[in-house]
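Please look at the sequence and the model below before reading on. The text after them takes a few contacts in turn.

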Amino acid sequence: MATVTNFESVSHPSKTDLRQFAELFMPLFNASTEEAKREAIAALSQHPSVPSAVAFFIACQPISLAAPFLISSKCLDDDTLITIARTQGAAHARAIVRREDLSPTVIDALVGLRHAEDLKRPVEETTVAEPQAAAMPEVQTMQEKTDRIAAASALEEEMRQQIKQMARHLNRPESDVLGLRRLSEVQEALLVRFARERNARQFAVALADSLSSSYWLSERIMLDISGAQLATTLVGLGMEFSEAAFVLQCFYPHLSAAEGDMSRAEALLDRLDTVECEERLESWRRADSYTHGRERPSRSAPAAQRTGTQG
């Protein structure tokens with residue numbers, strides 16, 4: 001888009017330049033091709049002076065377009081990032097988590113987000129599948145029929161496993177709802193981020209929020225130097241296997257060592273039963289609620305507690 005190119009060439013745009021660009025950009029953007037939109041957003045994600053109205057407009061675009069801007073742009077302030085995370089869904093929030101300069105205010109907002117299960121499937125998967133389905137020929141090839149049979153068999157097997165899993169939950173008390181409790185994608189992304197940074201305090205705060213427990217419980221879980229309690233917790237919360245192994249290796253380096261064809265962290269996770277982990281985690285939460293009266297991780301914790309880093 002020529003408008004973007006001209007704007008890029010102005011190193012210190014005046015208020016008039018910013019206003020004119022904001023007035024021109026949105027209608028031209030809407031009339032452009034997808035490729036032109038991507039190029040324009042990629043260019044503006046590196047520009048230090050994008051008008052706030054344009055920045056918000058770009059950040060609200062589908063994640064396939066908005067991702068580089070959400071990850072890199074310096075023109076998105078904390079309030080805008082929090083608004084985008086809360087209104088645009090899990091995919092946008094995950095992109096925001098990848099920013100290098102997240103402030104404590106934005107981190108607190110992301111920790112507190114609750115996304116419905118249906119947001120765990122990116123919208124783009126559906127929109128990409130529709131044109132592909134429309135393009136399929138009416139006459140199916142033998143390979144396509146074979147693929148359909150294989151998919152049906154896989155679905156049947158998945159349903160059988162789900163039925164078995166449901167049967168294992170039948171004898172649980174009604175008050176035990178942890179079997180339905182799972183990390184949202186934003187919570188999982190934050191836990192992985194803090195593990196990568198070796199930031200044990202922020203990880204413990206985010207973990208306590210994910211558990212709806214006191215900070216004391218998450219801290220106690222992490223103080224088990226074998227890593228077994230944290231492994232049980234991550235499995236009980238439904239964290240993806242490879243992500244859970246990564247988190248364990250970040251905080252417990254001895255679990256990085258090889259054990260057969262897996263790391264010790266992977267072997268530890270592989271030995272755990274999901275239902276048993278859920279039940280054990282629920283018992284910890286019940287005991288924690290008795291002791292701490294449904295205490296939640298403080299949003300106003302001392303700075304040393306909230307921002308300190310543990311190697």
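**Aromatic pairs and a helix contact**

This is a predicted model, and the count of aromatic pairs in it comes to 2. One of them is formed by phenylalanine 29 and phenylalanine 57, with 5.5 Å from centre to centre and 85° between the planes. An angle over 60 degrees counts as edge-to-face, so this pair is edge-to-face. Where in the chain do phenylalanine 29 and phenylalanine 57 lie? Phenylalanine 29 is in helix H2, which covers residues 15-30, and phenylalanine 57 is in helix H4. The two residues are 28 residues apart, and the pair links distant parts of the chain. Both phenylalanine 29 and phenylalanine 57 are buried.

The other pair joins phenylalanine 203 and phenylalanine 251. The ring centres lie 4.8 Å apart and the planes meet at 65°, so this pair is edge-to-face too. Here again distant parts of the chain are linked: phenylalanine 203 belongs to helix H12 (residues 200-211) and phenylalanine 251 to helix H15 (residues 241-251), with their positions 48 residues apart in the chain. Are these rings buried or exposed? Phenylalanine 203 has a relative accessible area of 0% and is buried. Phenylalanine 251 has a relative accessibility of 16%; buried means under 20%, so this residue counts as buried as well.

Helix H2 holds a further phenylalanine, at position 25. Phenylalanine 25 has 0% relative accessibility, and therefore counts as buried. Along the chain, phenylalanine 25 and phenylalanine 57 are 32 residues apart, while their C-alpha atoms are separated by 9.9 Å.

Helix H4, the home of phenylalanine 57, also packs against another helix. Helix H4 covers residues 52-59 and its partner, helix H5, covers residues 63-72. Their axes are 8 Å apart and form an angle of about 130°, which means that H4 is oblique to H5. Which residues make the contact? On the H4 side they are Ala55, Ile58 and Ala59, and on the H5 side Ala66, Phe69 and Leu70. Sorted by character, the residues of this contact are 6 nonpolar, no polar and no charged.

The last case pairs a charge with a ring. Arginine 220 lies over the face of tryptophan 284, at 5.8 Å from the ring centre.

Conventions. Residues are numbered from 1 along each chain as its sequence is written. This is a predicted model: local features need pLDDT of at least 70, side-chain atom pairs count only at pLDDT 80 or more; totals for chains, interfaces and linings use all residues. Side-chain values use heavy atoms; hydrogens and water are left out. Axes are lines fitted to C-alpha atoms, for helices over the stretch in contact, and angles run from 0 to 180 degrees between N-to-C directions. Helices (H or I, at least four residues) and strands (E, at least two) are DSSP runs, numbered from the N terminus. Angles under 35 degrees count as roughly parallel, over 145 as roughly antiparallel, 65 to 115 as roughly perpendicular and the rest as oblique. Contact means heavy atoms within 4.5 Å. Ala, Val, Leu, Ile, Met, Phe, Trp, Tyr, Cys and Pro count as nonpolar, Asp, Glu, Lys and Arg as charged, and the others, Gly among them, as polar. Rings of Phe, Tyr and Trp (its six-membered ring) pair if their centres lie within 6.5 Å; planes under 30 degrees apart count as stacked, over 60 as edge-to-face and the rest as tilted. Buried means under 20% relative accessible area, exposed over 50%, partly exposed in between (1.4 Å probe, protein chains only). A charge sits over a ring if NZ of Lys or CZ of Arg is within 6 Å of the ring centre and within 35 degrees of the ring normal.
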